[in-house]
Amino acid sequence: MMTPLFIAFLAAAALLTITPGLDTAFVLRTTAVDGARRGAAGAAGVILGCLSWALAVALGVGALVAASALAYSALKFAGAAYLCWLGVKLIATKRTFTPTAPKESSNAFLRGFLTNILNPKVGVFYISFLPQFTPADAAVGPYVMFLAFIHAAMGAVWFAMLIAATQPVTRVLQRPAVLQTIDRITGAMFISFALTLAFESRR
């Protein structure tokens, strides 16, 4: 039923989906540099990461991570280190040629998944966000997953729109000088996200 609570969730989830952030930057960069196929694979990895956190919340594992200072810190610093490594790698890479052949999409999928699953802020966000839209008479676990799948569907549509929007300018985006600029900007963003994650408290 389209209850006011459910409509409020749809509005909030849609706004969160289109708000620029790490996931959007990752998908755009992957699509611009490596093509639509790898961009879609990266987007799928991001979405799977979100659904994995939602499952953890539904099962109560997410609350344990949020409550345990040790578990939270370990995951936080692992995620920050991974993002920092990606950022430094992007900045250090020199682009002297334009990609001409499609690459395997498995690495893009894994990177998308890891950027999400290694970020405990996503788990804490789901803990605080999804349950507040759960009706009092609903089973919390299944309903949280129901809301998470809706959020994931919104993300899939949004990423598909971003990937499609890059196609008309693919040739321009894949010029070596442009690729170098994209890599450096994205790398700087990843390092910035890593530092924010590393030094940010749970609250």
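Here is a short conversation about a predicted model, its helices, its largest pocket and two residues of helix α6.

This is a predicted model, in which local features need pLDDT of at least 70 and side-chain atom pairs count only at pLDDT 80 or more, while totals for chains, interfaces and linings use all residues. Residues are numbered from 1 along each chain as its sequence is written, and side-chain values use heavy atoms, with hydrogens and water left out.

Student: How many helices and strands are there in the protein?
Tutor: Helices (H or I, at least four residues) and strands (E, at least two) are DSSP runs, numbered from the N terminus. From that end on, the elements run α-α-α-α-α-α-α-α-α-α. The count is 10 helices and zero strands.

Student: Is Asn-116 buried or exposed?
Tutor: Let's start with its place, which is in helix α6 (residues 106-117). Buried means under 20% relative accessible area, exposed over 50% and partly exposed in between (1.4 Å probe, protein chains only). Asn-116 has a relative accessible area of 1%, so Asn-116 is buried.

Student: And Leu-114, which class does that residue fall in?
Tutor: Leu-114 is also found in helix α6. Its relative accessible area is 24%, so Leu-114 is partly exposed.

Student: With which side chain does the side chain of Asn-116 make a polar contact?
Tutor: Contact means heavy atoms within 4.5 Å, and, not counting residues up to four places away in sequence, Asn-116 touches Asp-23, Val-46, Gly-49, Cys-50, Trp-53 and Val-122. A polar contact is a pair of N or O atoms within 3.5 Å; within protein, one must be able to donate a hydrogen and the other to accept it, and residues adjacent in sequence count only if both atoms are side-chain atoms. At 3.2 Å, the partner is the side chain of Asp-23.

Student: Which residues are the closest to the centre of the largest pocket?
Tutor: A pocket is an open set of points on a 1 Å grid over the protein atoms alone, where a 1.4 Å probe fits, with protein on both sides within 12 Å along at least five of seven lines; lining residues have an atom within 4 Å of a point. The largest pocket has a volume (the space filled by probe spheres set on the points) of about 780 Å³. Of the 27 residues that line it, the closest to the centre are Gly-21, Leu-22, Asp-23, Asn-119 and Val-122.

Student: What separation is there between the C-alpha atoms of Leu-114 and Val-46?
Tutor: Along the chain, Leu-114 and Val-46 are 68 residues apart. In space, their C-alpha atoms are separated by 7.8 Å.
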